[in-house]
Amino acid sequence: MVDTSLSKKKDPDQPEISLPTLKSQRTKMGKSEDSEKKIKDVEISVPIVYGNAAFWLGKKASEYQSHKWTVYVRGATNEDLSVVVKRAVFQLHSSFNNPTRVVESAPFELSESGWGEFEIAITLFFHNDVCEKPLNLYHHLKLYPEDESGPMSTKKPVVVESYDEVVFTEPSESFLARVQNHPAVTFPRLPAGVTLPPPVSTEDESKKKRGDTKDHPLSQWFLNFSEADELLQLAAARQQVQAHIAKLRRQISLTDGQNQQFKPL
């Protein structure tokens, strides 16, 4: 959903990255259609990141197997998304065997190898008390660095990620109670008079540990989508806009001055 690249000073120890804009993309989902009581004027948001990391195979590369890559959907802070997401479906290019890949549990990802870049359709299905409507995402698989003239590395992956804040409106009481202390969810301020039962942990801790991506082999390459980074980017952008406005004002003032000189007496 977010694919606008920003320039970044290159560091030889960092992955080749295409940074998406850090302004929050918000996707509003419909409310669950079950008969349970809904909490009006309340929204639950779940920040997610989706993208890919691709490694060049170097001397092991062949004409049709040049890269090993992983496409994934993760929590923006690498928390377990299975509290909300039930399964993910990745639609690969038709040239792959079994191009429709279904991942039934977190982490929601798949790894493959190949030589070509193409668009991957990702469909997220949610638990019944969350939302009955699936969320469709689209990610263009990136294998090659932006600077195609530069040397490729087997140790430094190409990483492309996009950020989305998935918003669920009028959640049910059971959904709110289930996720009220979960770190993957941005929990809202409840309206006056609304109280929830104490949270009951139904998750197996070992399963929860497997579901988050904090210790993921690729985690060192994941991009940081923290609010602090977003504020820094916004402040820098605002400074650029203000400088551009000041430049335009000087040009307009100069043009007005020149026009005054040529006015007939």
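This briefing walks through strands, ring pairs and a few selected residues of the structure above. The model is predicted, so please read each value below as computed from that model. Two residues get a closer look: Thr70, which lies in strand β4, and Leu176, which lies in helix α1. Aromatic rings get their own section, as the structure holds six aromatic pairs.

**Strand β4 and its partners**

- Strand β4 covers residues 67-75, and eight of its nine residues are buried, so the rest of the structure largely encloses this strand.
- On one pairing, β4 is joined to strand β3 (residues 43-56) by nine bridges, and the two run antiparallel.
- β4 also pairs with strand β7 (residues 108-114), again in the antiparallel sense, over seven bridges.
- As general background, strands of a sheet pair through backbone hydrogen bonds, in either a parallel or an antiparallel way.

**Thr70, a residue of β4**

- Thr70 has a relative accessibility of 10%, and because the cut-off for buried is under 20%, Thr70 counts as buried.
- Across the pairing with β3, Ala53 stands opposite Thr70.
- In β7, Ser111 is the bridge partner of Thr70, and the side chains of Thr70 and Ser111 are also joined by a polar contact of 2.7 Å.
- Leaving aside residues up to four places away in sequence, Thr70 touches Gly51, Asn52, Ala53, Glu109, Leu110, Ser111 and Leu218.

**The four-stranded open sheet**

- Four strands form an open sheet in the order β6-β5-β8-β9, with antiparallel pairing.
- β6 and β9 (135-140) stand at the edges with a single partner strand each, so one side of each has no neighbour in the sheet.
- From one strand to the next, the twist averages 20°.
- Strand β8 (residues 119-126) and β9 run antiparallel and are joined by six bridges; Leu124 stands opposite Leu135 in β9.

**Aromatic pairs**

- Among the six aromatic pairs, Trp69 and Phe96 meet edge-to-face, at 6.0 Å centre to centre and with 80° between the planes.
- This pair links distant parts of the chain: Trp69 sits in β4, Phe96 sits in the loop between β5 (85-91) and β6 (100-103), and the two are 27 residues apart.
- Trp69 is buried at 1% relative accessibility, and Phe96 is buried at 16%.
- Phe168 and Phe175 also form an edge-to-face pair, because their ring centres are 6.0 Å apart and their planes are at 85°; both of these residues are buried.
- Ring pairs also join Trp69, Phe96 and Phe118 into a cluster.

**Charges over rings**

- Arg74 places its charged end over the ring of Phe222, 4.3 Å from the ring centre.
- Arg87 does so with the ring of Phe125, where the charged end is 4.4 Å from the centre.

**Leu176 in helix α1**

- Helix α1 spans residues 173-179 and includes Leu176.
- Is Leu176 buried or exposed? Its relative accessible area is 0%, so Leu176 is buried.
- Which residues does Leu176 touch, not counting residues up to four places away in sequence? They are Ile39, Val42, Ile44, Pro171, Phe187, Pro188, Leu190 and Leu196.
- For one of these contacts, Leu190, the separation from Leu176 is 14 residues in sequence and 9.8 Å in space, C-alpha to C-alpha.

Notes. Residues numbered from 1 in each chain as written. Predicted model: local features only at pLDDT ≥ 70, side-chain atom pairs only at ≥ 80, totals over all residues. Heavy atoms only, no water. Buried < 20%, exposed > 50% of the residue type's maximum accessible area, 1.4 Å probe, protein only. Contact = heavy atoms within 4.5 Å. Phe/Tyr/Trp six-rings, centres within 6.5 Å; stacked < 30°, edge-to-face > 60°. Lys NZ or Arg CZ within 6 Å of the ring centre and 35° of its normal. Pairing = 2+ DSSP bridges. Axes fitted to C-alpha atoms, helices over the stretch in contact; angles between N-to-C directions. Polar contact = N/O pair within 3.5 Å; in protein donor to acceptor, adjacent residues only side chain to side chain.
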